[in-house]
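The following paragraphs lead the reader through one protein structure, from its overall make-up to individual residues. Please keep the sequence and the model in view while reading.

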Amino acid sequence: MENSEGVKIESTVVTEEPLISALDIALFVVIITVAYFWYFKRDKQSSSSEKKPYTIQPSSLSSIEQTSNSSFIKKLKSTGRSLVVFYGSQTGTAEEFAGRIAKEGARYKMKGMVADPEECDMADLVEMKEIQKSLAIFCIATYGEGDPTDNAMDFYEWLQNGDADLEGLNYAVFGLGNKTYEHYNEIAIYIDQRLEELGATRVHEIGLGDDDANIEDDFVSWKEKLWESVCSHYGIEETGEESNIRQYKLVDCSEVLPERIFSGEISRLKSYENQRFPFDVKNPYLSKIAVNRELHKSGDRSCMHIEFDIDGSKMRYDTGDHVAVYPKNSSELVDKIGELLNADLDAVFSLLNTDEESSKKHPFPCPCTYRTALTYYLDITSNPRTHIMKELIEYASDPKDQEKLKLMASSTPEGKKEFHEWILRDNRNIVHILEDLPSVKPDLDHLCELLPRLQCRYYSISSSPKVYPKSIHITAVLVNYTTSTNRVNKGVATNLLAQLIPTNDELPQPTIPIYIRRSQFRLPPKSQTPIIMIGPGTGLAPFRGFIQERDYARKEGREIGEMVLYFGCRKKDEDFIYENELQEYVANGTLTKLHLAFSRNQPEKKYVTHLLEQNADELWNIIGEKSGHLYVCGDARSMAKDVHSIIVKVVMEKGQMTNSQALNYVKKMEQQKRYSADVWS
């Protein structure tokens, strides 16, 4: 338009020149040329997109898509749905449970959808009352020290800080937690209570799933009673229709160009070839393995010291943080699935959500080959849940196999017992199930839909960025054990790491995707504050970083407080990891005291907890009289609980308090971050 207007202006001003001047002709040629290229470039792009119907993007949404899709209310209304199931998930289990609930809603005349609170405007909950017989269900996990999952953080803060009127909102909550942790299901309990405070109506009592026991059993039992409450609340009846409906449809992608096929990337296509900062859970950094050495001196077990090279990545970490490692399944297990199902693992496919309104278009990055999906995206080594047993029934040609699956999929006492013994106790994974029930031959694309996503593994960082700014260290025990069916089960991540041995400089170094997860496990702000560290086995990992950081400060001439370490292992000559380092820190004065417990070096087993009981005066001197900090890292199920009990007992006796006062004292220490735990079960 501007050029056309320019021509008009020129022709009216220069009236004495010929009708068509040389300048007019030149401008006209330019306009025609630009128009020609613009038109044919657009046409070419349009044709190109038509020729690539299966150029499928990863499941994550762009910021524009997230903005346009943030109103879950609009989706519910436009698609005639009345049920929305939100999930707060760190490892994928809560998301899986949410999907199962939404799927079953059809049996109760409640068309449902699954929603990620991070991608929704949760303030729209106030509008749920506008939808007849509507219901919001929350499947919420708690992790860490009573923290919400990353994707539920904004919703949690909105509930804390807001004062919305949620009258007319009908809801139910299922929590995912672990009883070995102190803050068991804390986030789910808070959300359940807070929704009621804001005026919402609880349709069914909160369910609390315990991952330390059988969270699948907890969920199924709660879910059955949930639907009973829903039927009673809304005056509806179960339709009796089966809910085994495919959520994703198979798309043949054999014609897709090779450069458009995912080969193991987490989200962005070719992200490992073209690395872009910042690096996070959806965009990990492909790190070289700089060091991989054995820490155990002898014995049949293995503990690895591994160093990830982050030089040039712009990644930064703090002492006490965790590093996430993205593993891959062994080719042996992947090939076995292809063999058992007589499938072409190199066929290129995609799974496309049958719900066009869902923000999650694919269960994992698509298109890809079945080999890629089974290697990088799907969990094939964990114990399958009961809903997978149910879905496999239709693929069993042998009546005996069919009856066994039906029993394990049921919620009867006999069914629960069979599932517990045959799946959980005997530690069977999907490969073992297909081997032991030979008539079960599921379609491979359906199996890929059913299996959960392969999750990254988290390790406490065992180095200080002050000393090692260009590398991240971890300390990992190789997981390798024989089951009751005489099968050898191997840890997915540690067995992969064991194979990644650096070579000489002339050859490419082995790599693995990683990212840093921030932690609240931190040294005191002041280097003079005394600390006690309790970390048997690989629980020593973060304390190695703590000691390095204090040693760095000491060498800079700064005053450092007392550092007392309690470490334990089986035998001094076998698995005393980092022995020389620790002895050197004792010698130079950085480590004030090193208390050691070797459980099998004498007839009676000796643990760090025994040493703690013997050193009550030292404990109270630091945590009571000097207001020092206490840290625990390691096993949550027994060690951390025992340590907590001992600390309470010491506070009672040395602080001359009652049991109630001592519990409150320890609780206050936790609130002030003077008592911190980094534990696992």
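**A guided reading of the model**

The protein contains 23 helices and 23 strands. The model is a predicted one, and its mean pLDDT is 89, with 89% of the residues reaching 70 or more. Two stretches call for caution. Over residues 1-20, pLDDT stays under 50, and the model has 8 contacts beyond four places in sequence for them. Over residues 36-68, pLDDT likewise stays under 50, and here the model has 30 contacts beyond four places in sequence.

The overall figures come next. Of the 681 residues of the protein, 49% count as buried. The exposed area is about 33,100 Å², of which carbon and sulfur atoms supply 49%. Among contacts with a separation of 6 or more, 75% are accounted for by residues 24 or more positions apart.

Where does the largest nonpolar core draw two or more residues from? This core has 41 residues, and those touching the most other members are Ile337, Phe364, Leu374, Leu405, Ile430, Leu444 and Cys448. The elements that give two or more residues to this core are helices H9 (331-340), H10 (370-377), H11 (386-392), H12 (399-409), H13 (413-425), H14 (430-436) and H15 (444-450), together with strand S12 (348-353). Cys448 offers a view of the packing: leaving aside residues up to four places away in sequence, Cys448 touches Phe349, Leu351, Phe364, Tyr370, Leu374 and Leu378. A second core, separate from this one, has 29 residues, including Leu612, Leu630, Met639 and Val666.

Strand S15 (residues 471-477) is mostly covered, since 6 of its 7 residues are buried. S15 pairs with S10 in the antiparallel sense, over 7 bridges. One residue pair in this arrangement is Cys303 and its bridge partner in S15, Val477.

Attention may now turn to charged residues. Side chains of opposite charge can pair when their charged atoms come close. The whole structure holds 43 salt bridges. One of them joins Lys77 to Glu130, with the closest N and O atoms 2.6 Å apart. Lys77 belongs to helix H4 (residues 72-78), whereas Glu130 sits in the loop between strand S2 (112-115) and strand S3 (135-143), so this pair ties together parts that are 53 residues apart in sequence. Lys77 itself counts as partly exposed, at 43% relative accessibility.

A second example lies within a single helix. Glu96 and Arg100 meet in a salt bridge through their side chains (3.2 Å, N to O), and both are buried. The two residues belong to helix H5 (residues 93-104) and are 4 residues apart, about one turn of the helix.

A third example is the salt bridge between the side chains of Arg522 and Asp321 (2.7 Å, N to O). This pair links distant parts of the chain, 201 residues apart: Arg522 is in the loop between strand S18 (511-517) and strand S19 (531-534), and Asp321 is in the loop between strand S10 (303-309) and strand S11 (322-325). Arg522 is partly exposed, with a relative accessible area of 26%, whereas Asp321 counts as buried at 0% relative accessibility.

Salt bridges can also join into a network. Here such a network links Lys336, Glu339, Arg425, Asp426, Arg428, Glu435, Asp436 and Arg487.

Some details of the backbone remain. Which peptide bond leading to Pro278 is cis? The bond from Phe277 to Pro278 is cis, with omega near 5°, and Pro278 is found in the loop between strand S8 (248-252) and strand S9 (285-294). A cis peptide bond also joins Cys366 and Pro367, with omega about 0°. Pro367 is found in the loop between S12 and strand S13 (368-369).

Two residues other than glycine have a positive phi. For Asn185, phi is near 55°; this residue is found in the loop between strand S5 (170-177) and helix H7 (186-197). Lys314 is not a glycine either, and its positive phi is about 70°; the place of Lys314 is in the loop between S10 and S11. Are Asn185 and Lys314 buried or exposed? Asn185 is buried, with a relative accessible area of 0%, whereas Lys314 is exposed, with a relative accessible area of 55%.

Technical notes: Residues are numbered from 1 along each chain as its sequence is written. This is a predicted model: local features need pLDDT of at least 70, side-chain atom pairs count only at pLDDT 80 or more; totals for chains, interfaces and linings use all residues. Side-chain values use heavy atoms; hydrogens and water are left out. Buried means under 20% relative accessible area, exposed over 50%, partly exposed in between (1.4 Å probe, protein chains only). Contact means heavy atoms within 4.5 Å. Accessible areas come from the Shrake-Rupley method with a 1.4 Å probe; for residues, only the protein chains shown count as cover. pLDDT is the predictor's confidence in each residue, from 0 to 100. A salt bridge is a side-chain nitrogen of Lys or Arg within 4 Å of a carboxyl oxygen of Asp or Glu. A nonpolar core is a set of buried Ala, Val, Leu, Ile, Met, Phe, Trp, Tyr and Cys residues joined through side-chain atoms within 4.5 Å. Two strands pair if DSSP finds at least two bridges between them.
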